[in-house]
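Visitor: Please choose one part of this structure and describe it closely, with enough of the surroundings to place it.

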Amino acid sequence: MSEYLEPRDVACPYCGETFTIVIDRSAGSQRYIEDCAVCCRPVLFDIEIDADGDIAGVAARRDDE
Ligand SMILES: [Zn+2]
């Protein structure tokens, strides 16, 4: 696995279950939709990468809000 790829556990905003996403820190701040691994509903992720390439924030929201 690349040194820029970092797994994070997140809580699904729909079902509350925890699943793991892999964040590409080399890509900078990003927003994308990934289906929950448990309930398969679309989760909107807001990933914040700081100037050092570290993960500054991970937000998981429902796509229908
Ligand atoms: Zn879910």
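Guide: Residues 24 or more positions apart account for 29% of the contacts in the protein chain with a separation of 6 or more, two residues being in contact if their C-beta atoms, placed from the backbone, lie within 7 Å. The model is a predicted one, in which local features need pLDDT of at least 70 and side-chain atom pairs count only at pLDDT 80 or more, whereas totals for chains, interfaces and linings use all residues. Numbering starts from 1 along each chain, as its sequence is written.

The chain holds five strands and zero helices; these elements are DSSP runs numbered from the N terminus, with at least two residues (E) for a strand and at least four (H or I) for a helix. Its radius of gyration, taken over C-alpha atoms, is 12 Å, which agrees with the value near 11 Å for a compact globule of 65 residues under the rule of 2.2 Å times the number of residues to the power 0.38. Buried residues make up 5% of the 65. A residue is called buried if 20 or more other C-beta atoms, placed from the backbone, lie within 10 Å of its own, exposed if 12 or fewer do, and partly exposed in between.

The part chosen here is the open, antiparallel sheet of three strands, ordered S3-S4-S5. Strands S3 (30-35) and S5 (55-62) each have a single partner and stand at the edges, so one side of each lacks a neighbour in the sheet. From one strand to the next the twist averages 25°, with axes fitted as lines to C-alpha atoms and angles running from 0 to 180 degrees between N-to-C directions.

Within this sheet, S4 (residues 42-49) is joined to S5 by seven bridges; two strands pair if DSSP finds at least two bridges between them. Glu 48 stands opposite Gly 57 in S5. The two strands form a hairpin with five residues between them, and Gly 53 in the turn has a positive phi of about 85°. Of the eight residues of S5, zero are buried, so this strand lies largely in the open.

On the other side of S4, the loop between S3 and S4 contains Cys 40. Most residues other than glycine have a negative phi. Cys 40, however, has a positive phi of about 65° although it is not a glycine. Cys 40 is exposed, with 11 other C-beta atoms within 10 Å.
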